[in-house]
Amino acid sequence: MANAPREIIIAKNLGFQYVGARRAAIQGIDLSIREDEFILLTGPSGCGKTSLCRCLNGLIPNFYQGEWTGELLVDGLSVTTQLTSELSRRVGYVFQNPENQLFALTVEKDIAFGPENLGLSREEIRQRVDEAMNVTGTLPLRDLAPYELSGGQQQRVALAGVLAMKPSVIVLDEPTSFLDPRTAEEVMRATDDLRRELGLTIVVVEHRLDLVARYAERIVVMDAGKIVADGDLEETLDEKFDLLAGLGVGIPRVSLLWAALRRDGLVSGKVPTRVEDAASSLGGMMSQ
Amino acid sequence: MITLEKVSFTYRSGQRALQDIDLNLEGGDFIAIMGENGAGKTTLAKHLNGLLKPSQGRVLVDGDDTRKVSVARLSRKVGLVFQNPDHLLFSETVKDEVAFGLKNFGFAPEVVHNQVIRTLEALGLSEYAETSPFLLSGGERKRVALAAILATEPDYLILDEPTIGQDYQQKERLRNFILQLYSQGKAVVMITHDVEFVAESNPKVILLSQGRIVAQGPADSVLSKDELVKKASLVRPQMSRLFGELTKYGLPSDVVDVHRARILLEEKLSEAKVRVAQNS
Ligand SMILES: Nc1ncnc2c1ncn2[C@@H]1O[C@H](COP(=O)(O)OP(=O)(O)OP(=O)(O)O)[C@@H](O)[C@H]1O
Ligand SMILES: Nc1ncnc2c1ncn2[C@@H]1O[C@H](COP(=O)(O)OP(=O)(O)OP(=O)(O)O)[C@@H](O)[C@H]1O
Ligand SMILES: [Mg+2]
Ligand SMILES: [Mg+2]
């Protein structure tokens with residue numbers, strides 16, 4: 001009998017306050033994430049998304065000082081007692097600012113750096129690097145230095161470096177902020193493909209829901225350091241629409257439109273997140 | 001006025017980044033420059049304040065060739081907010097960071113003070129006035145970088161990806177701020193991948209692809225043209241894709257923002273409702 005997907009991340013009453021900060025960046029976080037879930041983490045600027053991500057790969061509390069409360073298990077390891085090297089092998093982290101992640105002399109060396117440190121065979125390294133460059137469209141950039149890259153090109157390289165590690169959890173902190181819209185879509189699709197192929201767990205921080213609504217089944221919304229909504233993406237958007245809108249969550253434009261028309265009494269039913277769903281419902285009504 | 005005349009630029013590595021760019025920018029203009037990663041947008045932005053000088057052609061800022069005046073002098077007129085916010089920050093507190101440019105330009109202390117307070121307020125940063133910029137979240141840091149330039153009220157504002165890391169409410173604040181500036185006669189150029197933000201702000205759009213200008217025009221007309229949008233590696237705004245599916249019901253195809261979409265649909269759906277009521 002196949003095992004049910006296990007919980008790969010379990011947070012219990014997790015909190016963290018940076019040294020010198022006036023209030024906790026995150027507090028009272030209860031969260032469990034199953035293997036192979038695709039989760040969208042969102043909420044207003046400054047609500048604690050990046051801080052929560054830093055906990056997931058042990059940057060907090062190992063590199064940031066402050067006051068930690070509660071418990072966090074990642075892939076069975078306790079973040080507070082585990083070596084970060086062990087954690088970073090399991091949790092890949094694409095930083096919010098790609099430039100802070102690149103340091104090798106060329107793009108190719110940068111992407112190979114992680115796999116080389118895993119002690120893999122040369123062929124295996126070669127194959128992973130090529131695959132990662134393919135997926136992210138960085139092949140033509142392989143011999144360039146990071147400083148010669150445009151913002152979006154840097155972001156693609158940062159992403160490729162993490163993909164080449166094949167970790168069990170990938171945390172992507174606004175991974176598309178520097179990408180052109182078409183590439184942003186491709187990268188999200190590729191990330192989702194990898195999840196399906198390898199059974200990865202994906203956590204994406206993103207302000208623009210339209211980019212990930214297609215892939216993420218689950219949304220976690222934070223405000224002022226706490227989780228204020230957690231559930232199926234489409235249901236949450238429909239049932240907690242006003243809460244999300246009030247927080248400034250980047251709700252897809254078709255959903256905003258639908259909610260407005262629903263308030264006018266002109267449409268009814270669940271708020272759609274995809275253009276094609278809205279188009280077919282509206283078309284149906286107008287052809288009556 | 002800033003004028004680019006046949007500007008081409010090649011990096012020392014041999015990478016060509018701009019080719020034959022002609023562009024005029026004057027007070028009251030509001031322009032969005034869009035295009036694929038590596039199209040040359042940031043390179044173009046750096047030409048507007050003299051950080052980079054053209055390999056061929058020339059850039060004139062109020063008549064001065066950028067090759068002949070210092071970047072320091074140009075920076076009083078042309079404010080550039082970098083794509084990457086970490087490139088700007090060096091002060092100990094947010095307040096000092098925002099005050100830096102103003103002090104440098106020789107404004108009186110009380111002017112500096114008032115302007116700092118006002119700008120922090122407008123960008124939702126007041127509570128961080130005494131905090132170190134390094135201890136802020138990504139979105140907050142980007143807003144500090146914006147505040148530092150916006151506070152100096154330059155005649156020409158060049159914003160490289162201003163909406164990065166911003167939630168919907170922050171984007172609205174930013175949009176209002178920008179609107180205020182160009183209606184006061186400033187020129188605002190924003191470089192952005194954020195098609196929804198552009199669709200709602202309705203600037204003139206310039207599409208840059210592989211170093212060349214490939215199209216320009218009002219946001220609603222440029223962003224609703226599939227071939228153009230594809231060429232620059234963009235996607236059409238959601239409303240444009242929706243209305244593209246609804247033209248058979250007599251709706252226009254160049255709708256890009258929710259506001260207009262709502263007005264048009266309210267009318268259509270009310271008509272349909274009346275029809276249904278009459279038929280039953
Ligand atoms: N190194 C740090 N030291 C002290 N305070 C910090 C530090 N990093 C972040 N903070 C503060 O903690 C809070 C949460 O920040 P965090 O970076 O987690 O937010 P975020 O949700 O990722 O925001 P954004 O969407 O703008 O990236 C903010 O108030 C921020 O100012
Ligand atoms: N310092 C540099 N040295 C050499 N080449 C560079 C340098 N900076 C940028 N380039 C190259 O010039 C081209 C244009 O880069 P630019 O940064 O202007 O693009 P962009 O349109 O701003 O892209 P993005 O949307 O990714 O920020 C790219 O091919 C890039 O690789
Ligand atoms: Mg963040
Ligand atoms: Mg750029």
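**Exercise 1.** Decide whether B:Thr119 is buried or exposed, and state where B:Thr119 lies.

*Solution.* Step 1: the relative accessibility of B:Thr119 is 1%. Step 2: compare this with the classes, in which buried means under 20% relative accessible area, exposed over 50%, and partly exposed in between (1.4 Å probe, protein chains only). B:Thr119 therefore counts as buried. Step 3: the residue belongs to helix 4 (residues 109-122) of chain B; helices (H or I, at least four residues) and strands (E, at least two) are DSSP runs, numbered from the N terminus. Step 4: list the contacts, meaning heavy atoms within 4.5 Å. With neighbours within four places in sequence left aside, B:Thr119 is in contact with B:Ala147, B:Leu150, B:Ala151 and B:Phe177.

The conventions are these. This is a predicted model, in which local features need pLDDT of at least 70 and side-chain atom pairs count only at pLDDT 80 or more, while totals for chains, interfaces and linings use all residues. Residues are numbered from 1 along each chain as its sequence is written, chains are lettered from A and ligands numbered from 1 in the order in which they are written, and side-chain values use heavy atoms, with hydrogens and water left out.

**Exercise 2.** Describe the surroundings of A:Phe16.

*Solution.* Step 1: A:Phe16 is part of strand 1 (residues 7-18) of chain A. Step 2: its relative accessible area is 1%, so A:Phe16 is buried. Step 3: apart from residues up to four places away in sequence, A:Phe16 touches A:Ala24, A:Ala25, A:Ile26, A:Ile60, A:Tyr64, A:Gln65, A:Gly66, A:Glu67 and A:Trp68. Step 4: for a distance, take A:Lys49, which is 33 residues from A:Phe16 in sequence and 12 Å from A:Phe16 in space, C-alpha to C-alpha.

**Exercise 3.** Which residues coordinate the magnesium ion (ligand 4), and which are the protein donors of the magnesium ion (ligand 3)?

*Solution.* Step 1: donors are N, O and S atoms within 2.8 Å of the metal (3.2 Å for Na, K and Ca); water is not among the atoms, so sites may look incomplete. Step 2: ligand 4 is coordinated by B:Thr42 (OG1) and B:Gln83 (OE1), at 2.0 to 2.3 Å. This pair links distant parts of the chain, 41 residues apart: B:Thr42 is in helix 1 (residues 41-48) of chain B, and B:Gln83 is in the loop between strand 6 (78-81) and helix 3 (94-104) of chain B. B:Thr42, at 24% relative accessibility, counts as partly exposed, while B:Gln83, at 10%, counts as buried. Step 3: for ligand 3 the protein donors are A:Thr50 (OG1) and A:Gln96 (OE1), 2.0 to 2.4 Å from the ion. They too link distant parts of the chain, 46 residues apart, with A:Thr50 in helix 1 (residues 49-56) of chain A and A:Gln96 in the loop between strand 6 (91-94) and helix 4 (107-117) of chain A. Both A:Thr50 and A:Gln96 are buried.

**Exercise 4.** How many salt bridges are there over all chains, and what joins B:Glu5 to B:Arg58?

*Solution.* Step 1: a salt bridge is a side-chain nitrogen of Lys or Arg within 4 Å of a carboxyl oxygen of Asp or Glu. Step 2: by this rule the count over all chains is 38. Step 3: B:Glu5 and B:Arg58 form a salt bridge, with the closest N and O atoms 2.8 Å apart. B:Glu5 sits in strand 1 (residues 2-10) and B:Arg58 in strand 4 (residues 56-61) of chain B, 53 residues apart. B:Glu5 is partly exposed at 29%, and B:Arg58 is partly exposed at 34%. Step 4: salt bridges that share partners also join A:Arg6, A:Glu35, A:Asp75, A:Glu86 and A:Arg90 into one network.

**Exercise 5.** Describe the interface of chain A and chain B.

*Solution.* Step 1: 54 residues of chain A are in contact with 54 residues of chain B. Step 2: the two chains bury about 4500 Å² between them, 54% of it on carbon and sulfur atoms; buried area is the accessible area (1.4 Å probe) that two parts lose on being put together, summed over both. In chain A, the residues that lose the most area to chain B are A:Arg182, A:Arg253 and A:Met286, together 18% of what that side buries. Step 3: the rule finds 3 salt bridges across the interface. B:Glu200 and A:Arg253 meet in a salt bridge through their side chains (2.7 Å, N to O). Step 4: helix 12 of chain A gives the most to the side of chain A that touches chain B, with 7 residues.
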